[in-house]
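Colleague: Could you take me slowly through one part of this model, and then show me how that part sits within the rest of the chain? I am in my first year, so please spell out each step.

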Amino acid sequence: MNDQVRAYPSAVGSLTAAILENDRVRLTLLPQVGGKIISIRSLVSQREFLWQDASRPYRQPRYADAFGNYDASGFDECFPSIGECRYPEFPWEGIVVPDHGEIWCTPAQCELRGDSLYVHTYGVRFPYHFEKWITLAPDAARFDISYRVTNLSAHDFQYCWTAHPLFAAAEGMRIVLPGTPEARFVFALGGRVGGEMLQAYRWPWVGTPDGALLDYSLIGPPTLKANDKVYADSQGWCALHDPASGDYVAFSFSSEALPYVGICINHGGWPGEGVPGYWVALEPCTGYPDPLDEVMALGKHRTLGAHAIAEWSMTLHVGSAEHAEAIGSQLLA
């Protein structure tokens, strides 16, 4: 391995692409699709970590369309909301925030900068500049991802940001969180889990419709036909581990900057047409639940003052560990 980082242009069908790689790992990004990352591949094991769906080819989204009308795969950004809702405060009161936010359905600009990609775009219905830097370590399978949002208006802007990576699932995988944080139920399609909105459990357990407890960290088969989600208090990292191979993908971050982790597991329960998804979304985020108006009602939003700037970052790791218990020490080494 020569530890050289390479950033170069490419194409996926009719869409332009940008690739960032070293001898260990490769990342592929589509600027026209909101800067979506469509591939994170280990060049050592050749494992693809992101869910991909050949039945829904990548195409540039129509602004404010439904997220499920497109590929429903890869790694998007959700800002300033996940769920569609009406912005609740002056001066944008009543303006609809699109499903999964604005970024994924707004074309971005991408610049190749040696060992990094610089991706940025502007809000459509709301006045902000959204920037992202992805930097690859020369000697490791590790991407540092830094964000900056600038409020371009003279008014406070309320928001919630969520990473939205859909990692390819396999039966027997484990979601790994440090400790036993509180986890709150938010929705369920199918009858795998249930509960009252924001009902709290102690990770990894969540309730089922019949009142039993289920180990939410264990990934089952796609035949379960379920799609459900919880939000857990963050402890600075989260991971998805495959005990069959030892492979894992993980995020590390400041729990002050990103105090929650959304965990959405799709066991073939969504979308309703085409190939059902089989993925695990690990979503470091600034607040919960999904729609911004509900986030604000709980006081879990962030406020960006007039002409102010917000910055945060996280690191995406690709690695191998024989036991899930070893992941934390590797990430923090």
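**A close look at histidine 241**

Modeller: Histidine 241 belongs to strand β20, which covers residues 237–241. Please keep in mind from the start that this is a predicted model, and that every value below is computed from it. Is histidine 241 buried or exposed? Its relative accessibility is 3%, and because a residue counts as buried when that value is under 20%, histidine 241 is buried. What does its side chain reach? The side chain of histidine 241 comes to 2.7 Å from the backbone oxygen of alanine 321. Alanine 321 also appears in the list of residues that histidine 241 touches once those up to four places away in sequence are set aside. That list includes Met173, Arg174 and Val176, then Gly246, Asp247 and Tyr248, and also Glu322, His323, Ala324 and Ile327.

To place this residue in its setting, it helps to step back to the chain. The protein chain has two helices and 25 strands, and β20 with histidine 241 is one of these strands. For 333 residues, a compact globule would have a radius of gyration near 20 Å, and because the protein chain has 19 Å, the two agree. Along the principal axes, the C-alpha atoms fill a box of roughly 55 × 50 × 40 Å. Of the 333 residues, 56% are buried, and histidine 241 is among the buried residues. If we take the contacts between residues at least 6 apart in sequence, 63% of them join residues at least 24 apart.

Two further residues can be read in the manner used for histidine 241. Glycine 74 is placed in the loop between β4 (36–42) and β5 (75–78), and with a relative accessible area of 0% this glycine is buried. Apart from its neighbours within four places in sequence, glycine 74 is in contact with Ile37, Ile38, Leu50, Trp51, His164, Pro165 and Leu166. Between glycine 74 and isoleucine 40 there are 8.8 Å in space, C-alpha to C-alpha, although they are 34 residues apart in sequence. Threonine 208, in turn, is found in the loop between β17 (205–207) and β18 (213–215), and a relative accessible area of 14% makes it buried. Its side chain makes a polar contact of 2.4 Å with the side chain of aspartate 210. With neighbours within four places in sequence left aside, the contacts of threonine 208 are Arg192, Val193, Gly194, Leu213 and Leu214.

A separation in sequence does not by itself tell you the separation in space, so here is one more pair to set beside glycine 74 and isoleucine 40. Leucine 20 lies in strand β2, residues 15–21, and is buried at a relative accessible area of 0%. From leucine 20 to histidine 307 there are 287 residues in sequence and 32 Å in space, again C-alpha to C-alpha.

Next comes the backbone. Most residues other than glycine have a negative phi, and most peptide bonds are trans. Against that background, the bond from phenylalanine 90 to proline 91 is cis, with omega near 5°, and proline 91 sits in the loop between β6 (85–86) and β7 (96–97). Another cis peptide bond joins tryptophan 270 and proline 271, where omega is about -5°, and proline 271 is in the loop between β22 (260–267) and β23. Glutamine 46 has a positive phi, near 65°; this residue is in the loop between β4 and β5 and is partly exposed at 43% relative accessibility. Leucine 198 has a positive phi as well, near 70°; its place is the loop between β15 and β16 (200–202), and at 24% it too counts as partly exposed.

Tryptophan 270 brings us, finally, to the largest pocket, which has a volume of about 330 Å³. How many residues line this pocket? There are 18, and those nearest its centre are His100, Phe187, Asn227, Trp270 and Asp290. At least two lining residues come from each of the strands β13 (162–168), β15 (182–189), β19 (226–233) and β23 (278–285). By kind, the lining divides into nine nonpolar, five polar and four charged residues.

Terms used:
Residues numbered from 1 in each chain as written. Predicted model: local features only at pLDDT ≥ 70, side-chain atom pairs only at ≥ 80, totals over all residues. Heavy atoms only, no water. 1 Å grid on protein atoms, 1.4 Å probe; cavity = no way out; pocket = protein on both sides within 12 Å on 5 of 7 lines; lining within 4 Å. Points joined across faces, edges and corners; volume = space filled by probe spheres on them. Helix = DSSP H or I, 4+ residues; strand = E, 2+ residues; numbered from the N terminus. Nonpolar A, V, L, I, M, F, W, Y, C, P; charged D, E, K, R; others polar. Buried < 20%, exposed > 50% of the residue type's maximum accessible area, 1.4 Å probe, protein only. Contact = heavy atoms within 4.5 Å. Polar contact = N/O pair within 3.5 Å; in protein donor to acceptor, adjacent residues only side chain to side chain. Rg over C-alpha atoms; globule rule 2.2 N^0.38 Å.
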